Amino acid sequence: MKLILATRASPLALWQARTAQALLQSAQPALEVELLTVQSTGDRDDRLDPASFGRVGIFTAEIDHAVQSGRAHVGVHSLKDMSTQMPAGLMLGGVLARGAVEDVLVKRGGGRLQDLPRGARVATGSVRRIAMLKHLRPDIETIPIRGNVETRLAKLDRGEADALILARAGLERLGLGGRISEVFETQHFLPAVGQGIVGLVCRADDEATVRALWTVSDRETAAEATAERALLHGLHGGCNAPVGGHARAAESALMLKGRVLSLDGREVLEAEIGGLAHDAEALGRQLAERLVASGAKRLIDAARTHG
């Protein structure tokens, strides 16, 4: 049996795909696994700003199409880039064991967020990170940034910003953990839904591939992914919404926290729910309902209108 994995060509995307490839081949030595690199809309046009572009899937649509059309069996994604509404005929067939979930500060010469001077320019392409930064340091100026991890670090080193906010998992997976100045605790900086998780997408009717992906899918990570994605779906959020979500599964138990902010960080709605891991989807929906009842929809809609 041969599996073709579709992936973006960035160094981090290739790390994800090669990790999935190695795990699949280790679990099933007779399996032949190849990579197919695909250029996404987000990679092709670096003028697009994901925070204001509005269309979910600018980093995933072309990969998903390769799976739908049969060019590939599996699409490998950063789960946080994926829409909570799966494309026609596709399913989330598995998730790799989760990496670090935290956001981090990267600053030339090191230092913590609290040490940045008033008016410091902090670069991020995420409205969630903008809102959480503004909540902690309303005096800081946030500036947009595009490009892969290496491109963003190069822009920082050229002085285009005083600091960056990035995902810890991406830096560590690329061997760049030494660039981290501060790891933000999740109670202050709630991560993006799916942060640190590699998602494996396949055709829902491709039973052989579904079985193959099951052999490398991590059970606790799957429960966390399910809960977080149900939360985001229930909030009608996406990559351009100031929403954070973090689930923690341990054996049969699961805890899920959600947070919705105004874009200026002044308003914060937060709630938490716990239950059984096999009820992950229902827990995500219930938490979303609580946040909507508290006014989350108004904050999300206002952030999109502003964008």
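## Arg290 and its surroundings

Let's start with a single side chain: R290 is partly exposed, with a relative accessible area of 43%, a value that falls between the 20% and 50% cut-offs for buried and exposed. Keep in mind as you look around that this is a predicted model.

R290 sits in helix 10, which spans residues 280-293. Setting aside neighbours within four places in sequence, R290 touches E272 and I273. With E272 there is a polar link: a polar atom of the R290 side chain lies 3.1 Å from the backbone oxygen of E272. For a sense of scale, A204 is 86 residues from R290 in sequence, and their C-alpha atoms are 32 Å apart.

## The five-stranded sheet

Now to an open sheet, built from 5 strands in the order 7-6-8-5-9 with mixed pairing. Strand 7 (141-143) and strand 9 (182-183) are the edges, each pairing on one side only.

Within this sheet, strand 5 (residues 103-107) runs antiparallel to strand 8 (residues 163-167), and 5 bridges connect them. One of the partners you can look up is A163 in strand 8, bridged to K107. Helix 6 (residues 149-157) packs on the sheet and touches both strand 5 and strand 8, its direction making about 165° with that of strand 8.

## The hairpin of strands 11 and 12

Is strand 11 enclosed or open? Of the 8 residues in strand 11 (residues 243-250), 6 are buried, so the rest of the structure largely encloses this strand.

Strand 11 pairs antiparallel with strand 12 (residues 253-261) through 8 bridges; among the partners, A247 is matched with L256 of strand 12. The two strands form a hairpin with 2 residues between them, and E251 in the turn has a positive phi of about 55°.

Note on methods. Residues are numbered from 1 along each chain as its sequence is written. This is a predicted model: local features need pLDDT of at least 70, side-chain atom pairs count only at pLDDT 80 or more; totals for chains, interfaces and linings use all residues. Side-chain values use heavy atoms; hydrogens and water are left out. Two strands pair if DSSP finds at least two bridges between them. Helices (H or I, at least four residues) and strands (E, at least two) are DSSP runs, numbered from the N terminus. Contact means heavy atoms within 4.5 Å. Axes are lines fitted to C-alpha atoms, for helices over the stretch in contact, and angles run from 0 to 180 degrees between N-to-C directions. Buried means under 20% relative accessible area, exposed over 50%, partly exposed in between (1.4 Å probe, protein chains only). A polar contact is a pair of N or O atoms within 3.5 Å; within protein, one must be able to donate a hydrogen and the other to accept it, and residues adjacent in sequence count only if both atoms are side-chain atoms.
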